[in-house]
Amino acid sequence: MAETEIYRSSTFAPVNIAVIKYWGKRDTKLNLPTNSSLSVTLSQDDLRTHTTASCSDSFTSETLTLNDAPQDISGARTQACLRELRQLRQTLEENDSSLPKLSPMKLKIVSQNNFPAAAGLASSAAGFAALVRSIADLYALPSTPTELSRIARQGSGSACRSLFGGYVAWNQGTQLDGSDSVAYSVAEQAHWPEMRALILVASAEKKDVSSTSGMQATVATSTLFQHRVENVVPGRMEGMEKAIKERDFPAFADLTMKDSNNFHATCLDTSPSILYLNDTSRAAIRICTAINSSAEDGKPICAYTFDAGPNAVVYYLASHTDAVAGVFKGILGSELEGWEGVKGRDVKAGS
Ligand code: 2P0
């Protein structure tokens, strides 16, 4: 008997760390956000998901493993991604009868992260971006990264930004069907290649409050959140795009720290309060503040930001490696308690 063919495609997707934060959904089913956001994609040499998607007539069930552990793929978000990708493949097959009929075949998806899952290191972003792109490649879909971002967003909002390298914005959009809630490139990594990101792992534990439930609680209960969405973020998106286009690090740093603070303030303002930062996180803020206040011309040379967890990401330029990464590594190596695992990872931002 002839062997049944297995079709296969592999891809990497990097983590992205937002400098203008996504927090809040106006549509929980489609993951449509209440504000636009902007992120820096980290180098896929460092924090990334590797995913292989395969399909075959010989597969009898659809499976997904993450770091060798079987995952539940029956959830609405994963199913939405799989359904959309299958429909696109089916359309290709209907228009070209010479194509193999992959769309009815069961999928086997195998993913590996090289960083702790669900510890505020954007694991779902890289995970869904890699899932969507590996299947899109398997199906040979002619989709652009922006088109794939519309699909990945339905898996996890921040995943739409991990389909691009460099500096990436996610437009909140206005359409009810989410067709314009997609990511686009603000600038390639090569536009500002001096950018560096230091990842400080304060805890590799799974976070207490998931992003999905945390942001819904904030939308429902925080009055400060309304102010953020209406009056704070729109101007910051403009300012951040300008800072990136002009390679203006002090403006980039100022907006990054302010937006992290503002996002965590809305978490504190949520009832009951959501506390992602811990004493170790606050120590990182103090160190950044001290480094910046000692800068020669008084302009910031580093910028901290925190997602839905205690781990810090510190952005700086390569020319300030000693003054920023050197100081952090010196302190972490000796005095600062609470940091675990790899104390600091020096990641070149890009893809
Ligand atoms: C961000 N975060 O912009 C923000 C900052 C966390 C804090 O995107 O519910 O995992 O899957 O759409 O994308 C985390 O939220 O949430 C996140 P879902 P997601 O990176």
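Here is a walk through this predicted model, from its domains to its sheets, its core and a few odd backbone spots.

Let's start with the overall layout. The domain assignment splits the chain into domain 1 (6-191) and domain 2 (195-348). Taken over C-alpha atoms, the centres of domain 1 and domain 2 sit 25 Å apart.

Now for the sheets. One of them is open and has five strands, in the order β1-β6-β9-β7-β8, with mixed pairing. The edge positions go to β1 and β8 (69-70), and each has a single partner strand, so one side of each is left without a neighbour in the sheet. Walk across this sheet from β1 (residues 6-14) and you meet β6 (residues 48-56), which runs antiparallel to β1 and is joined to it by nine bridges. If you want a residue pair to click on, Phe-12 has His-50 in β6 as its bridge partner. Carry on from β6 to β9 (residues 106-113): that pairing is antiparallel too, over eight bridges. Here Thr-51 stands opposite Ser-111 in β9. The parallel part comes with β7 (residues 63-66), which pairs with β9 over four bridges. Along that pairing, Thr-63 has Lys-108 in β9 as its bridge partner. Helix α2 packs on this sheet, touching β1, β6 and β9, and its direction makes about 145° with that of β1. As a reminder, strands of a sheet pair through backbone hydrogen bonds, either parallel or antiparallel.

The other sheet to look at is open as well, with four strands in the order β2-β5-β10-β11 and antiparallel pairing. Its edges are β2 (16-20) and β11 (183-187), each with a single partner strand, so one side of each is left without a neighbour in the sheet. From one strand to the next, the twist averages 35°. Take β10 (residues 167-170) and β11 as an example: they pair in the antiparallel sense over four bridges. Within that pair, Ala-169 has Tyr-184 in β11 as its bridge partner. This sheet has a helix packed on it too, namely α5 (residues 223-245), which touches β2, β5 (37-41), β10 and β11. The direction of α5 makes about 115° with that of β2. Going by the domain bounds, α5 falls in domain 2 (195-348), while the strands of this sheet that it touches fall in domain 1 (6-191).

What about the core? The largest nonpolar core has 93 residues, and those with the most contacts inside it are Ala-129, Val-132, Ala-152, Cys-302 and Val-314. Helix α2 (residues 123-138) gives the most to this core, with ten residues. Domain 1 and domain 2 both give residues to the core, so it lies between them. For a closer view, pick Ala-129: leaving out residues up to four places away in sequence, it touches Ala-13, Ala-152, Ala-159, Ser-162 and Leu-163.

Helix α2 deserves a second look. Is it mostly covered or mostly open? It is mostly covered, with 15 of its 16 residues buried. Its length is as you'd expect: from first C-alpha to last it reaches 22 Å, close to the 22 Å expected at 1.5 Å a residue.

Last come the backbone oddities. Most residues other than glycine have a negative phi, and most peptide bonds are trans. Ala-140 goes the other way, with a positive phi near 55°. Ala-140 comes just after α2, in the loop between α2 and α3 (145-155). Its 13 C-beta neighbours inside 10 Å are why Ala-140 counts as partly exposed. Arg-247 also has a positive phi, about 50°, although it is not a glycine. You'll find Arg-247 in the loop between α5 and α6. With 14 other C-beta atoms within 10 Å, Arg-247 is partly exposed. Finally, where is there a cis peptide bond? The bond from Ser-271 to Pro-272 is cis, with omega near -10°. Pro-272 has its place in the loop between α6 (249-268) and α7 (279-293).

Methods. Residues are numbered from 1 along each chain as its sequence is written. This is a predicted model: local features need pLDDT of at least 70, side-chain atom pairs count only at pLDDT 80 or more; totals for chains, interfaces and linings use all residues. A nonpolar core is a set of buried Ala, Val, Leu, Ile, Met, Phe, Trp, Tyr and Cys residues joined through C-beta atoms within 7 Å. A residue is buried if 20 or more other C-beta atoms lie within 10 Å of its own, exposed if 12 or fewer, and partly exposed in between; C-beta atoms are placed from the backbone. Helices (H or I, at least four residues) and strands (E, at least two) are DSSP runs, numbered from the N terminus. Domain bounds come from an automatic or database domain assignment. Two residues are in contact if their C-beta atoms, placed from the backbone, lie within 7 Å. Two strands pair if DSSP finds at least two bridges between them. Axes are lines fitted to C-alpha atoms, for helices over the stretch in contact, and angles run from 0 to 180 degrees between N-to-C directions. The expected span of a helix is 1.5 Å times one less than its number of residues.
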